Amino acid sequence: MSPNNATRRRRPTIHDVAREAGVSRGTVSRVLNGGHYVSPAAAEAVNAAIRRTGYVVNRHARSLITGRSGSAAFLLTEPQEKFFEDPNFNVLLRGCTQALATHDIPLLLMIAGTREEQRRITRYISAGHVDGVLLVSSHTGDPVAEALVHAGIPVVMCGQPMGHSTRLAHVAADDRDGARQMVRHLLTAGRRRIGTVTGPLDTPGGVERLAGYREVLADAGLPADDSLVEAGDYSRDGGAAAASALLTRRPDLDALFVASDLMAQGALAVLERAGRRVPADVAVGGFDDSTAAVGSRPALTTIRQPWDRISAEMVRVLLSQIGGEDSSAVILPTELIRRESA
């Protein structure tokens, strides 16, 4: 016998676990599939035997029996460069990966920024290669969510869905209330000519944050003024371009509510080039409380989205759907974080 063959160990099987635990193979199988109809003592014996033997579930064999892949997908229907530029996507992906890891479910990252990529990935997912999808897809008219739902794939969206005829499960922060908190803060600081750089107006965040901004100004008796509103695209360059347009049109503005921290970084650069001091001349507030907020100079006053809770809730809702429960919606509160910019 060669040294390689002598030292190569046979992989432990479910039979080895059953023999080590002193229970039947069926009991081990029930523990591996959720522990239903198994006494606590038997479950502990099986789990201890798994640790001692080093047994690892054969996912391929299990998928043949259950019809499930044992994995989930994190699908971003945005251009690939946005994944690397926007820190929110990485935070959300990390949180979802960690939440699924506690259930021993691997997460596959998929990016589909073009219609052809979306069609290809929709076909792949619909073929049963994953059990469910955590979808970051906010633009109105994005066909991916409904195509997957119609194919019978459990889907949970990050953010409130717009323009969909199908009821979609989703988890979102309260965008409108977050905007209201920020604008009230700017008003309390004595600012009255408050401009805003919105998110894209075909996204829920863009629409809801603009609505919150307008509501608070109306409550304060300030007339609606579209010259103080400029649409952005959630990118640093987009924030800079929108802030530049606002400053050209309204050089008298004394505050700026920017609908993402990344765009606010671009706005701060424009204000600095224009010789405007922040916050002495123009107070600036962002949205997200991402790494961009802490890394800005001055550090951004912003609205914190509870990313850990968002990712945990997305996973919880997805696993419930995979288990046969109905779709649901979860809206989570936001929080004003005060720093130097406002």
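Buried here means under 20% relative accessible area, with over 50% called exposed and the range in between partly exposed (1.4 Å probe, protein chains only). Keep that in mind as you click through this predicted model, in which local features need pLDDT of at least 70, side-chain atom pairs count only at pLDDT 80 or more, and totals for chains, interfaces and linings use all residues. Residues are numbered from 1 along each chain as its sequence is written, and side-chain values use heavy atoms, leaving out hydrogens and water.

**The whole protein**

Start with a cartoon view. You should find 15 helices and twelve strands; these are DSSP runs numbered from the N terminus, helices being H or I with at least four residues and strands E with at least two. Of the 342 residues, 50% are buried. Now switch on a surface: the accessible area is about 16,400 Å², and carbon and sulfur atoms own 51% of it (Shrake-Rupley method with a 1.4 Å probe; for residues, only the protein chains shown count as cover).

**Helix H4**

Select residues 40-53, the 14 residues of helix H4. Its end C-alpha atoms are 20 Å apart, which agrees with the expected span of 20 Å (1.5 Å times one less than the number of residues). Next, colour Ala-42, Ala-43, Val-46, Ala-48, Ala-49, Ile-50 and Thr-53, which are buried. What do the buried residues of H4 pack against? Add helix H2 (14-21) and helix H3 (25-32) to the selection, and you have the partners. Just past H4, click Gly-54, whose phi is positive, near 75 degrees.

**Two cysteines**

Move on to Cys-96 and Cys-158. The whole structure has zero disulfides (a disulfide being a pair of cysteine sulfur atoms within 2.5 Å). Why is Cys-158 not bonded to Cys-96? Their sulfurs are 7.7 Å apart, too far for a bond. Cys-96 is buried at a relative accessible area of 0%, and Cys-158 is buried at 16%.

**An aromatic pair and its neighbour**

Finally, show Phe-257 and Phe-287 as sticks. A search of the whole structure finds one aromatic pair (ring centres of Phe, Tyr or Trp, taking the six-membered ring of Trp, within 6.5 Å; planes under 30 degrees apart are stacked, over 60 edge-to-face, the rest tilted). The centres of Phe-257 and Phe-287 are 6.5 Å apart with planes at 50 degrees, so the pair is tilted. Phe-257 lies in strand S8 (residues 255-258), while Phe-287 is in the loop between strand S9 (283-285) and helix H14 (291-295), 30 residues apart. Phe-257 is buried at 1% relative accessible area, and Phe-287 at 0%.

Last stop: add Arg-209, whose charged end sits over the ring of Phe-287, 3.8 Å from its centre (the cut-offs are NZ of Lys or CZ of Arg within 6 Å of the ring centre and within 35 degrees of the ring normal).

Technical notes. Contact = heavy atoms within 4.5 Å.
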